[in-house]
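Here is a friendly walk through one protein chain, meant to be read with the model open beside you. Take a moment to turn it around before reading on.

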Amino acid sequence: MQDDRPVVGVIDYRTGNSQSVVHALNFLGVPNRLLTSPKELIGVDRIVLPGVGSAGTAMAYLSAAGWPEELRGRVVDGDTPFLGICVGLQILFEYSEEQNTDCLGWLPGSVQAFDGLNVRVPQMGWNQVRRTSGHPFLAGLPEAGHFYFYFVNSFYAVPAETGDTAATTEYGVAFTSAVARGNIMATQFHAEKSGPLGLDLLSRFATTPQEELCLP
């Protein structure tokens, strides 16, 4: 019997937490593949870019392997659903203060450090997330509710277009903890480590029909 469910490709760039995402998808029963090269995208319907580590290191690896060009063609110029996690959110923007890094530039804006905010860095642990967008990716979270997700981050994104912000979190400052624009989605928190709510987000990304998931 043919399995017509979307196949999720998880990019493995060595410094990331790709295996944790694969484990979560396996737990959910979602068909997935671990990708080490753009050549392995054949047959992949949705893409996850996990992230632990630094923006500069992530971009250096992705660039050396030829990922930026291939991903832009499939995601920005195409319609492949994409989910970035942690550093995978930060490098969607144009520039990161971390290691003075030029990033993918899919979304206008930059990434800056939690400097001078009288908070412990990195932020490590559970924090509240408040949905601010009607994008279908976060539709399972009531707009009025505050829910806890797991974070590990020393930097945060500052989108140039407020409409790209899908959720916010307080940590010395109100910052963007999720973004969503059409087929591009990302979370600063680790959905794969955030219990049932995080697994629900991963499942929503992986299983919602594309025409329902990727609305503006």
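What follows is a short tour of helices, buried loop residues and a few unusual backbone angles in this predicted model.

**Helix H1 and its partner**

Let's begin with H1, which spans residues 18–28, and H5, which spans residues 195–207; their axes come within 10 Å and cross at roughly 80 degrees. Angles of 65 to 115 degrees count as roughly perpendicular, so H1 is roughly perpendicular to H5. On the H1 side the contact is made by Ala-24, Phe-27 and Leu-28, and on the H5 side by Leu-199, Leu-202 and Ser-203. Sorted by type, the residues of this contact are 5 nonpolar and 1 polar, with no charged ones.

Which residues of H1 are buried? They are Ser-18, Val-21, Val-22, Ala-24 and Leu-25. Looking down the axis of H1, you will find these buried residues within an arc of 160 degrees, so they line one face of the helix. An α-helix has 3.6 residues a turn, so residues three or four places apart point the same way. Gln-19, His-23 and Phe-27 lie on the other side of H1 and are exposed. The buried residues of H1 pack against H5 and against four strands: E1 (8–11), E2 (32–35), E3 (46–49) and E4 (82–85).

**Helix H2 and the nonpolar core**

H2 covers residues 55–65, and its buried residues are Ala-55, Gly-56, Ala-58, Met-59, Tyr-61 and Leu-62. Among the elements covering them are E1, E3, helix H3 (67–76) and helix H4 (87–90).

The largest nonpolar core holds 67 residues, and Ile-91 and Leu-92 have the most contacts inside it. Beyond its neighbours within four places in sequence, Ile-91 is in contact with Leu-49, Ala-55, Met-59, Leu-62, Cys-103, Leu-104 and Gly-105. Three of these names may look familiar: Ala-55, Met-59 and Leu-62 are buried residues of H2.

**Buried residues in loops**

Gly-51 sits in the loop between E3 and H2. Its relative accessible area is 0%, so Gly-51 is buried. Setting aside residues within four places in sequence, Gly-51 is in contact with Tyr-13, Asn-17, Ile-85, Cys-86, Val-87, Gly-88 and His-190.

Ser-194 belongs to the loop between strand E13 (184–187) and H5. Ser-194 counts as buried because its relative accessibility is 3%, and buried means under 20%. Not counting residues up to four places away in sequence, Ser-194 touches Trp-126, Phe-149 and Tyr-150.

**Backbone angles worth a look**

Most residues other than glycine have a negative phi, and most peptide bonds are trans. Here are some positive phi values to find in the model.

| Residue | Phi |
|---|---|
| Gly-29 | about 75 degrees |
| Gly-66 | about 85 degrees |
| Cys-86 | about 60 degrees |
| Gln-99 | near 60 degrees |

Gly-29 comes just after H1, and Gly-66 comes just after H2. Cys-86 is not a glycine; its place is in the loop between E4 and H4, and at a relative accessible area of 4% it is buried. Gln-99 lies in the loop between E5 and E6. Is Gln-99 buried or partly exposed? At 49% relative accessibility, Gln-99 counts as partly exposed.

Finally, the peptide bond from Val-121 to Pro-122 is cis, with omega near 5 degrees. Pro-122 is found in the loop between strand E7 (109–113) and strand E8 (123–131).

Note on methods: Residues are numbered from 1 along each chain as its sequence is written. This is a predicted model: local features need pLDDT of at least 70, side-chain atom pairs count only at pLDDT 80 or more; totals for chains, interfaces and linings use all residues. Side-chain values use heavy atoms; hydrogens and water are left out. Axes are lines fitted to C-alpha atoms, for helices over the stretch in contact, and angles run from 0 to 180 degrees between N-to-C directions. Helices (H or I, at least four residues) and strands (E, at least two) are DSSP runs, numbered from the N terminus. Angles under 35 degrees count as roughly parallel, over 145 as roughly antiparallel, 65 to 115 as roughly perpendicular and the rest as oblique. Contact means heavy atoms within 4.5 Å. Ala, Val, Leu, Ile, Met, Phe, Trp, Tyr, Cys and Pro count as nonpolar, Asp, Glu, Lys and Arg as charged, and the others, Gly among them, as polar. A nonpolar core is a set of buried Ala, Val, Leu, Ile, Met, Phe, Trp, Tyr and Cys residues joined through side-chain atoms within 4.5 Å. Buried means under 20% relative accessible area, exposed over 50%, partly exposed in between (1.4 Å probe, protein chains only). The arc is that of the directions from the helix axis to the C-beta atoms.
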